[in-house]
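User: I'm new to this one and would like a close look at a single part of it. Could you walk me through one sheet and whatever packs on it, then show me how another part of the model compares as a place to look next?

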Amino acid sequence: MAAAQEQVATLVHGQYTTVMHQPLRRLVDKLGEVLPTGLDSLFFSNSGSEAVESALRLARQATGRPNVLVCHGGFHGRTVAAASMTTSGTRFRSGFSPLMSGVVVTPFPTAFRYGWDEETATRFALQELDYTLQTISSPADTAAVIVEPVLGEGGYVPATRAFLEGLRERADRHGFLLILDEVQTGVGRTGRFWGHDHFGVTPDILITAKGLASGFPISGIAASEELMSKAWPGSQGGTYGANAVACAAACATLDVVRDEKLVENAEAMGKRLRHGLEAVADRTPAIGDVRGLGLMLATEFVTEDGGPDPETAARVAWNQVVRMIPALVVDEVAVDEGLQAWAAAVATGTSGASAR
């Protein structure tokens, strides 16, 4: 708040295609400290959807190819192109057709949904990806594959190391790009600064937003300078991208995340929260799965035959998957209070299921 207030009194806005203001310079330097090696060029916009579309534009222009592969269950935004790449729910893509062409859907290793172990689900997802490249979108027509390290709206399902390594290998072999959508998973959310840090795979393009500025609207994509230079001159832009106040807020946010060790806190409190959620699940037959990374955790409710159980989940919260995403500053007291409330809600909600 102090950083934003100070900046408002100095410079509210200077369009960064014209004015290279100091908060932007500081933000670029600070992001350079946490971005993967080699991702040394940045483009800023306002929202996650805008950043996703900027990444798509860059991928298509850089490769000269039209298609983009997306993973089933992914969420990338609500604007037309971003919604066209979203498959986590029909509510995000229905009612305003036609959607953007050139989007091809391939499986994500959602082990619980398939009823398999992670190794089997990963092998299936990669086999289907290869089949897709043989039958629907030729590598010569494929500009990129875009994926979240943990599905967000898709139910907080983490990727697997083997899956992301498989995407990286295929991207390198076929000459298309790997885009990681870190809008939800970035800036410490999963107990690592970036969600992909759990898996040891570096993207060609990284997308960030949400937690970057503590609520001020800013997003961005990071790529190598070589790749970013392949964007057509003047094709990327926007009046309010990298707004000076948002940049100041982002700089302060990154300082707090570092100085207060909030990434480490997310890892520790995430373990505490997960332990409590698993304890509730152990005594609740209606809970089929607890999953996620760091402070990005979900509980999925199921019927006796293992199918989705939205009715029971609705009595507890909503949908059949209840997602929990506490603030990065959450402490042990707040986690334990939340778990007590959760246990009570589940007990009440599942007693209703028994009565049914």
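Analyst: Alanine 298 sits opposite arginine 323 of strand 10. That pair belongs to a predicted model, so keep in mind that everything here is read from a prediction. The two strands involved are strand 9, residues 296-301, and strand 10, and they pair in the antiparallel sense over four bridges.

Now step back to the whole sheet. Three strands make it up, in the order 8-9-10, and the sheet is open with antiparallel pairing. Strand 8 (287-293) and strand 10 (321-324) are its edge strands, each pairing on one side only. From one strand to the next, the twist averages 15°. If you're wondering what holds such strands together, strands of a sheet pair through backbone hydrogen bonds, either parallel or antiparallel.

Next, look for helix 10, residues 262-282. This helix lies across strand 8, strand 9 and strand 10, and runs at about 175° to strand 8.

That's the sheet and its helix. For a place to look next, try strand 2, residues 67-71. Five of its five residues are buried, so strand 2 is largely enclosed by the rest of the structure. Asn67, Leu69 and Cys71 point one way, while Val68 and Val70 point the other way. Here the pairing is parallel: strand 2 is joined to strand 3 (residues 103-106) by four bridges, and pairs with strand 4 over four bridges too. On the strand 3 side, valine 70 stands opposite valine 105; on the strand 4 side, leucine 69 faces valine 145.

Serine 137 ties into this region. You'll find it in the loop between helix 6 (118-135) and strand 4 (142-147). Serine 137 is buried, with a relative accessible area of 0%. Its side chain makes a polar contact with the side chain of threonine 142, at 2.7 Å. Leaving aside neighbours within four places in sequence, serine 137 touches Asn67, Leu69, Val104, Thr132 and Thr142.

One last stop is a pair of helices. The axes of helix 2 (residues 22-32) and helix 9 (residues 244-259) come within 8 Å and cross at roughly 35°, and the crossing is left-handed. Residues making the contact include Leu24, Leu27 and Leu31 of helix 2, with Ala248, Cys251 and Leu254 among those of helix 9. Taken together, the contact residues divide into 10 nonpolar, no polar and four charged.

Methods: Residues numbered from 1 in each chain as written. Predicted model: local features only at pLDDT ≥ 70, side-chain atom pairs only at ≥ 80, totals over all residues. Heavy atoms only, no water. Axes fitted to C-alpha atoms, helices over the stretch in contact; angles between N-to-C directions. Left-handed = near helix turned anticlockwise from the far one by under 90°. Contact = heavy atoms within 4.5 Å. Nonpolar A, V, L, I, M, F, W, Y, C, P; charged D, E, K, R; others polar. Buried < 20%, exposed > 50% of the residue type's maximum accessible area, 1.4 Å probe, protein only. Polar contact = N/O pair within 3.5 Å; in protein donor to acceptor, adjacent residues only side chain to side chain. Pairing = 2+ DSSP bridges.
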